[in-house]
Amino acid sequence: MTETSNNSFLVAQLGARMHYAVPRILHRAGRLSRLLTDIAANRGWLRTLRLWPSPLRPAAVTRLLNRTPKDIPRRMIRAYTSLGISYAREFAKTRSERERIELYLRVGERFGQWAVRQNWGQAAGVFVYNTAGLEVMREARRRGLRTISEQTIAPYAVERMILAQERARYPSWEGDATDCPAFGAYANRERQEWQIADTILCGSGFVRDAIQQVGGPVDRCRVVPYGVDSRFDIPPATAHGGPLRVLTVGTAGLRKGTPYAIEVAQRLRGRAVFRWVGAVKMPDAAKAELGSDVEFTGPVPRTRVIDHYAWADVFLLPSLCEGSATATYEALTAGRPLICTPNCGSVIRDGVEGFVVPVRDVNTMMVRLDQLATDVALRERMASAARLRAVEMNYEAYARNLLAAIDA
């Protein structure tokens, strides 16, 4: 690592976001001025939680300790811990989209107001994330600094249009979605960020095209696919003599296409077994509709997710709206053939590392899974192709592409 350069960046981010990949990449390149975040388990009183013996730690404590910006010196990190803790508690209590969006707005603004009061060091620019960077970019513009914003998912206006169709199909799944002022304010906050940003990074063409769909400044968008480090590089799936093992990783709900995975599992009962790893955050009425054809594990610490990839033969992600789903990169690195939609923003190629299927197309998902279940040679060929694709799109490639986009 070189000394911090005069073209360094302040990174302001809520959450761990790909395990703090951007600030880690910038720091390694000698271009990180400061990392401002909500929780950093290597700062302040949170460090004392490591004294808790691992076998006795509650899952919540384990997840908290995973919020560690590895390889970044503590002196370069500032954390708004009280906000992070209260944010997690309040989010756990939300029961509707309105409550979540209102919370996102409050927390994003409070985080931004806190961030502009911190020491930015010798930053020549700022790097922020959609809906949590407006105040920081305004201050950066006032100081004459560069502004880069990452749009981590399709714009909220597009996401809301997609989910409105889903709620009409599955009205019990996500509670009250009646229009409220917060929805418009949230979409407008994204638009204001686009107007200030010198560069808007998009994880996929799907995100870039969605920005264009709502009249955003597509000329300032740069597509930079993500990458995953090599810890997801695990041994090939081994023959087990049972039904095809199908894994999905992500928060269960309408956006991830959970109802379609359930329908596929019901139709393939006896020929495939399905496991969904991730939080199940939905009304009780919807939980009652989940059935038993998909095993829902609930939240799993990131350090244990790899065990589930080891269990799987193939990976399924029927999402309707993403940025560029991190889980698809993990599946590639693990060498598991993928079945996903174009809206996942994945880098897989149809018929090579797996299959790209239309959103909501249960019949095609079934056909492709049946094909992978019966054709072992095809499954092995796609698994090998997935590993090769992962090498092309690994963490190092992401770092190079990210730095090139920042400097473009």
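## Exercises on helix packing and empty space

α1 and α12 (326-334) each give at least two residues to the lining of the largest cavity. Keep in mind that this is a predicted model. Let's work through some exercises, beginning with that cavity.

**Exercise 1.** Work out how big the largest cavity is and which residues line it.

*Solution.* Start with the count: the structure has one cavity of 30 Å³ or more. Next comes size, and the largest cavity has a volume of about 90 Å³. Now look around its wall. From the early part of the chain you'll find Met 18, His 19, Ala 21 and Arg 24. Further along come Gly 227, Val 228, Asp 229, Arg 231 and Phe 232, and the list ends with Thr 326, Glu 330 and Tyr 395. Which helix gives the largest share of this lining? That's α1, with four residues. Finally, sort the lining by class: five residues are nonpolar, three polar and four charged.

**Exercise 2.** Describe how α1 meets α15, and spot residues that also line the largest cavity.

*Solution.* First find the two helices: α1 covers residues 17-28 and α15 covers residues 395-407. Their axes come within 10 Å and cross at roughly 65°. The crossing is right-handed. Then list who touches whom. On the α1 side there are Met 18, Ala 21, Val 22, Arg 24, Ile 25, Leu 26 and Arg 28. Facing them from α15 are Tyr 395, Glu 396, Tyr 398, Ala 399, Leu 402, Leu 403 and Ile 406. By class, this contact has 11 nonpolar residues, no polar ones and three charged ones. Now compare with the cavity: Met 18, Ala 21, Arg 24 and Tyr 395 are among the residues that belong to both the contact and the lining.

**Exercise 3.** Find out how α13 is placed against α14 and against α9.

*Solution.* Take α14 as step one. The axes of α13 (residues 362-374) and α14 (residues 376-392) come within 5 Å and cross at roughly 100°. The two helices are therefore roughly perpendicular to each other. In this contact, Gln 371, Leu 372, Ala 373 and Thr 374 of α13 meet Val 376, Leu 378, Arg 379 and Met 382 of α14. That gives five nonpolar, two polar and one charged residues.

Step two is α9 (residues 258-267), which packs with α13 at an angle of about 50°, their axes 10 Å apart. So α9 is oblique to α13. This crossing is right-handed. Here Tyr 260, Glu 263, Val 264 and Arg 267 of α9 touch Val 362, Asn 363, Met 365, Met 366 and Leu 369 of α13. Sorted by class, that's six nonpolar, one polar and two charged residues.

**Exercise 4.** Say which residues are closest to the centre of the second largest pocket, and which helix gives the largest share of its lining.

*Solution.* Begin with the volume, about 350 Å³. This pocket is lined by 20 residues, and Ala 237, Asp 313, Val 376, Arg 379 and Glu 380 are the closest to its centre. The largest share of the lining comes from α14, with six residues. Class by class, the lining has nine nonpolar, six polar and five charged residues. One last link back to Exercise 3: Val 376 and Arg 379 also take part in the contact of α14 with α13.

Technical notes. Residues are numbered from 1 along each chain as its sequence is written. This is a predicted model: local features need pLDDT of at least 70, side-chain atom pairs count only at pLDDT 80 or more; totals for chains, interfaces and linings use all residues. Side-chain values use heavy atoms; hydrogens and water are left out. Axes are lines fitted to C-alpha atoms, for helices over the stretch in contact, and angles run from 0 to 180 degrees between N-to-C directions. Angles under 35 degrees count as roughly parallel, over 145 as roughly antiparallel, 65 to 115 as roughly perpendicular and the rest as oblique. Contact means heavy atoms within 4.5 Å. Ala, Val, Leu, Ile, Met, Phe, Trp, Tyr, Cys and Pro count as nonpolar, Asp, Glu, Lys and Arg as charged, and the others, Gly among them, as polar. A crossing is left-handed if the near helix is turned anticlockwise from the far one by less than a right angle, and right-handed if clockwise. On a 1 Å grid over the protein atoms alone, a cavity is a set of points where a 1.4 Å probe fits but cannot get out, and a pocket is an open set with protein on both sides within 12 Å along at least five of seven lines; lining residues have an atom within 4 Å of a point. Grid points are joined across faces, edges and corners, and a volume is the space filled by probe spheres set on the points.
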